[in-house]
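Okay, thanks everyone, I'll keep this short. Could you pull up the structure on the screen for me?

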Amino acid sequence: MDGIVSLIIAKYNFWAVIVLLLIGFYAMIAKRNIVKKIIGMNIFQTAIILFYVSIGSKKGATIPIITHGHDGVNHTVQAADYINPLPHVLMLTAIVVSVATLGVALALSMKIYARYGTLEEDEIQGKLMESEPG
Amino acid sequence: MKVLGLITAFCFGGLLFYISFDFPDWGDSASPASQHVSSYYIEHTMQDTSVPNIVTAVLADYRSYDTLFETAVIFSAGLACFFLLRVGERQAPAARFYRHLSTGITFRIEKGGRLPESTGEFERIDSVWVPYDVIIRMTCRLVVPFIQLFALYVIAHGHHSPGGGFQGGVIFGAAIILFAISNNLRQALRRMSEKITTLLSSLGVMIYAGTGMLCIVMGAGFLDYRALSSFLGVDPVTARSHGILIVEIGVAIAVTAVMVWVYYILSSAGRQDEGL
């Protein structure tokens with residue numbers, strides 16, 4: 001029993017990420033509406049960001065900003081005292097890039113709506129079939 | 001399709017769940033991700049760059065190539081929105097709508113009618129009726145300067161606290177977008193025109209890349225800020241700290257401008273006349 005509890009505590013961040021990942025994945029596959037697909041893509045990206053940030057954490061460590069007094073004394077910095085800064089850096093840029101991809105995706109879907117008058121994938125497919133010659 | 005998607009998702013999820021047992025425990029300080037390069041960054045950032053915020057130092061110094069191209073990605077996202085949606089000037093609309101500022105009466109002026117714009121007592125409003133709300137406008141007018149001030153603080157204080165160019169730029173862009181939402185697109189365009197947003201977004205990327213080029217000119221590698229020490233008049237370690245600040249400002253300008261630019265294009269469907 002004790003082993004199971006410690007296992008859950010050690011891994012539940014990954015399971016939460018997997019659940020979020022699957023919600024986004026399912027929305028991207030199964031939803032027909034383009035905006036819902038875009039929302040799914042964003043949930044997927046959020047799951048990846050959470051995954052990276054949770055990998056960077058260390059027990060008993062603080063945020064990766066070195067505490068420095070104003071006395072000018074150079075304290076020795078222990079790597080175990082600060083959480084891993086690298087995932088934070090990667091995700092910082094990933095968040096902004098996800099905003100950028102969201103903007104482009106919305107622009108594309110607006111273009112699609114202007115052309116076909118709908119955002120439902122099957123209706124767009126139908127209109128494409130109609131317009132094809134022969 | 002739904003069943004197929006569900007089956008795929010569950011297979012994928014089962015696989016990931018199975019793999020998760022091989023992952024390091026949450027908060028394990030001996031996990032592989034925290035072993036090699038990350039401990040070097042933590043232990044050497046202070047003496048290398050004199051920047052206490054390791055994230056900022058890694059972002060704009062150790063991994064500055066990555067961030068440069070990340071900024072370029074954002075800029076090209078703005079360009080992509082522009083080329084996808086921007087359309088030229090529309091034909092003059094059939095009717096224009098004006099509001100008399102002191103009384104709040106709305107006028108509809110048919111095509112060819114005389115425009116009362118020059119008197120300064122009228123304000124052009126969108127053809128889709130938008131209610132005039134004093135409370136929203138005044139609240140946003142009060143809040144926007146403080147948001148912008150906070151954004152500048154976040155940009156400038158990125159060396160010592162959580163913050164930096166990306167975060168501050170997004171906050172600054174959000175302040176301008178809030179202004180555009182609470183008033184209307186026309187008002188926002190009058191204060192920050194599309195030309196300015198395009199210029200600023202390319203200027204931000206140029207500041208970043210230009211700093212890198214300056215380092216080459218000064219005789220070091222691309223984005224090696226130590227070369228700027230003679231230029232800035234400080235020792236090489238402090239020069240790296242200053243170099244980080246310069247590129248962070250470039251990033252902030254680019255991010256702000258692209259956020260606002262994308263908002264302008266999306267909210268008006270590329271016509272840039274009236275929107276949300």
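I'll go through the fold of chain A and then its contact with chain B.

Keep in mind that this is a predicted model. So, what secondary structure do we have in chain A? Four helices and zero strands, and if you walk along the sequence the pattern reads α-α-α-α.

Now, is chain A spread out or a compact globule? Its radius of gyration comes out at 23 Å, and the globule rule gives 14 Å for 134 residues, so chain A sits well over that and is more spread out than a compact globule. For the dimensions, the C-alpha trace of chain A spans about 80 × 50 × 20 Å along its principal axes.

On burial, 26% of the 134 residues in chain A count as buried. And if you take the contacts in chain A with a separation of 6 or more, 54% of them are between residues 24 or more positions apart.

Okay, over to the contact between the chains. Chain A puts in 45 residues and chain B puts in 51 residues. Which elements of chain A give two or more residues to the side that touches chain B? Those are helix 1 (2-30), helix 2 (34-55) and helix 3 (85-116) of chain A. Helix 3 of chain A gives the most, with 18 residues.

As for the chemistry of that side of chain A, the residues that touch chain B split into 31 nonpolar, 10 polar and four charged.

That's what I have, happy to rotate the view if anyone wants another look.

Note on methods
Residues are numbered from 1 along each chain as its sequence is written. Chains are lettered from A and ligands numbered from 1 in the order in which they are written. This is a predicted model: local features need pLDDT of at least 70, side-chain atom pairs count only at pLDDT 80 or more; totals for chains, interfaces and linings use all residues. Two residues are in contact if their C-beta atoms, placed from the backbone, lie within 7 Å. Ala, Val, Leu, Ile, Met, Phe, Trp, Tyr, Cys and Pro count as nonpolar, Asp, Glu, Lys and Arg as charged, and the others, Gly among them, as polar. The radius of gyration is taken over C-alpha atoms; the globule rule is 2.2 Å times the number of residues to the power 0.38. A residue is buried if 20 or more other C-beta atoms lie within 10 Å of its own, exposed if 12 or fewer, and partly exposed in between; C-beta atoms are placed from the backbone.
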